[in-house]
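Colleague: Hi, could you pull up the model so we can go through it together?
Modeller: Sure, here it comes.

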Amino acid sequence: MRCTVNGTSHRLDVEPRRLAVDVLRENLGLTGTHAGCEHGVCGACTILLDGEPVRSCLLFAPQLDGRDVRTVEGLAGPGDELHPLQQSFGAHHGLQCGFCTPGMLLTALDLLGHNPTPTRDEVREALSANLCRCTGYQQIVDAVMDSSRGGAFDCT
Amino acid sequence: MKPAPFHYERPTSLAEALDLLAADGVETKALAGGQSLVPLMNLRLARPDVLVDLDAVAELRGISRSGDQVRIGALTRHEQTATDALVRERLPLLAHAAVHIGHRAIRTRGTLGGSLAHADPAAELPVASLALGAEVDVASARGARTIPIAELFDGPLSTTVADDELIVAVRYPVDAGRRPFGFAELARRHGDFALTVAAVTLSVDGDGGCRAATVALGGIGGSPRLVGPAARALIGTRIDPAAVELAVASVDDAVRPVADLHGSVAYRRAMAALLTRQAIAMARGAR
């Protein structure tokens, strides 16, 4: 199978039962995407598939064939400068252990791509797709709200 | 939490997919959006020998108006059902129900055909499809047939679709689609599976008389289903409080809730009644 991940083309030979999250982590070494519940509930493994958020634990490797994938590693700019959303998570202490953060970032990025100025309730509704067991939701919502107010960053 | 090995197929036509599903001696499962099947496979509650990925089968896609029906391809994702202009205009209940499914990362993958075939007792689209009087087109290598939605569900996670059959499309009458509707759902958190879900359509004449009605419920024990006596309690009335109480009482007669972690039998009965009342009120308000 072939796929593009964060702008880089890959050609892989993997067992069909291999989950997309494991392709990313184990075949491509992109360990930013985290495998949490592995049955679609926790959102830690959220990636963008052809620009849309999906659970990478509910996709098999062959379903990535011919597709474009974006992971948390694809957020930082050239020179490893953090994406403004990542900077906002840092500024607001929007993470404690960090396990849920990659999924939170991609879910928030998708939200802001569709709705650049969401209300706090809309942010909370979107982020309800992702579990944080450190219970740091307040700061995560603060970080996303601040990014949306800052506006004008590329959510594509 | 990793699936057992399976053989993967990606047919590019419906005929090819149906041939694969017709194979004898192996357990073959169709993979649509995978938002219910893949968790079951990861938990090894499902271990198909062959997985037939439907993603490349063009015949399963598309939303179109055809006479007095809207036809929705089985592979239509929930996100599309929720946002498509034709569905929103002609079948607002269905679009409204689709928004309640999971989260965006689930709706971008999950499909209409998959939801009906999986037949979760508390899923949104089966209940909305019952209220709208959908017809389900299925096909197999043996031929095609149509299953009225009221005959589709056959117990929890069970349908009358045979193992070698595939849901190809769902057809909805625009007549039912344009009626005022109500939809009410009880879930612990946004995006959770519903504990109980109710959908109502009403046809009301200029004098406020109810000419036609449907009342469908899910999460009430067994399959999602139409509650005929509740609809009949409303038809021919002005949907006055006494008629609504009669409809709610007939829902109470019809439900067979099972106690679980989320609620007792009494609680679930009370919620079925409450959601029916809310859905009727919403449909009346929308008229």
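**Domains and cavities**

Modeller: Between domain 1 of chain A and domain 2 of chain A, the rule finds zero salt bridges. Keep in mind that this is a predicted model.

Colleague: Thanks! How many residue pairs are in polar contact between domain 1 and domain 2 of chain A?
Modeller: There are four such pairs, counting those with both residues at pLDDT 80 or more.

Colleague: And where do the domains of chain A run?
Modeller: Domain 1 of chain A covers 2-74 and domain 2 covers 78-149 in the domain assignment. The contact draws on 17 residues from domain 1 of chain A and 13 residues from domain 2 of chain A.

Colleague: What area is buried between domain 1 and domain 2 of chain A?
Modeller: About 1,100 Å², with carbon and sulfur atoms giving 63% of that. On the domain 1 side, A:H34, A:T46 and A:V72 lose the most area to domain 2 of chain A, together 36% of what that side buries.

Colleague: Switching topic: how many cavities of 30 Å³ or more are there?
Modeller: Two. The largest holds about 60 Å³ of space, and 13 residues line that cavity, with A:G94, A:L95, A:Q96, A:C132 and A:G136 the closest to its centre.

Colleague: What classes of residue are in that lining of the largest cavity?
Modeller: Six nonpolar, seven polar and no charged residues.

Colleague: And which residues line the second largest cavity?
Modeller: A:Q63 and A:R67 from chain A, plus B:R10, B:D53, B:D55 and B:R109 from chain B. By class, that lining has no nonpolar, one polar and five charged residues, and the volume of the second largest cavity is about 40 Å³.

Technical notes. Residues numbered from 1 in each chain as written. Chains lettered and ligands numbered in written order. Predicted model: local features only at pLDDT ≥ 70, side-chain atom pairs only at ≥ 80, totals over all residues. Heavy atoms only, no water. 1 Å grid on protein atoms, 1.4 Å probe; cavity = no way out; pocket = protein on both sides within 12 Å on 5 of 7 lines; lining within 4 Å. Points joined across faces, edges and corners; volume = space filled by probe spheres on them. Nonpolar A, V, L, I, M, F, W, Y, C, P; charged D, E, K, R; others polar. Domains from an automatic or database assignment. Contact = heavy atoms within 4.5 Å. Buried area = accessible area lost by both parts, 1.4 Å probe. Salt bridge = Lys/Arg side-chain N within 4 Å of Asp/Glu carboxyl O. Polar contact = N/O pair within 3.5 Å; in protein donor to acceptor, adjacent residues only side chain to side chain.
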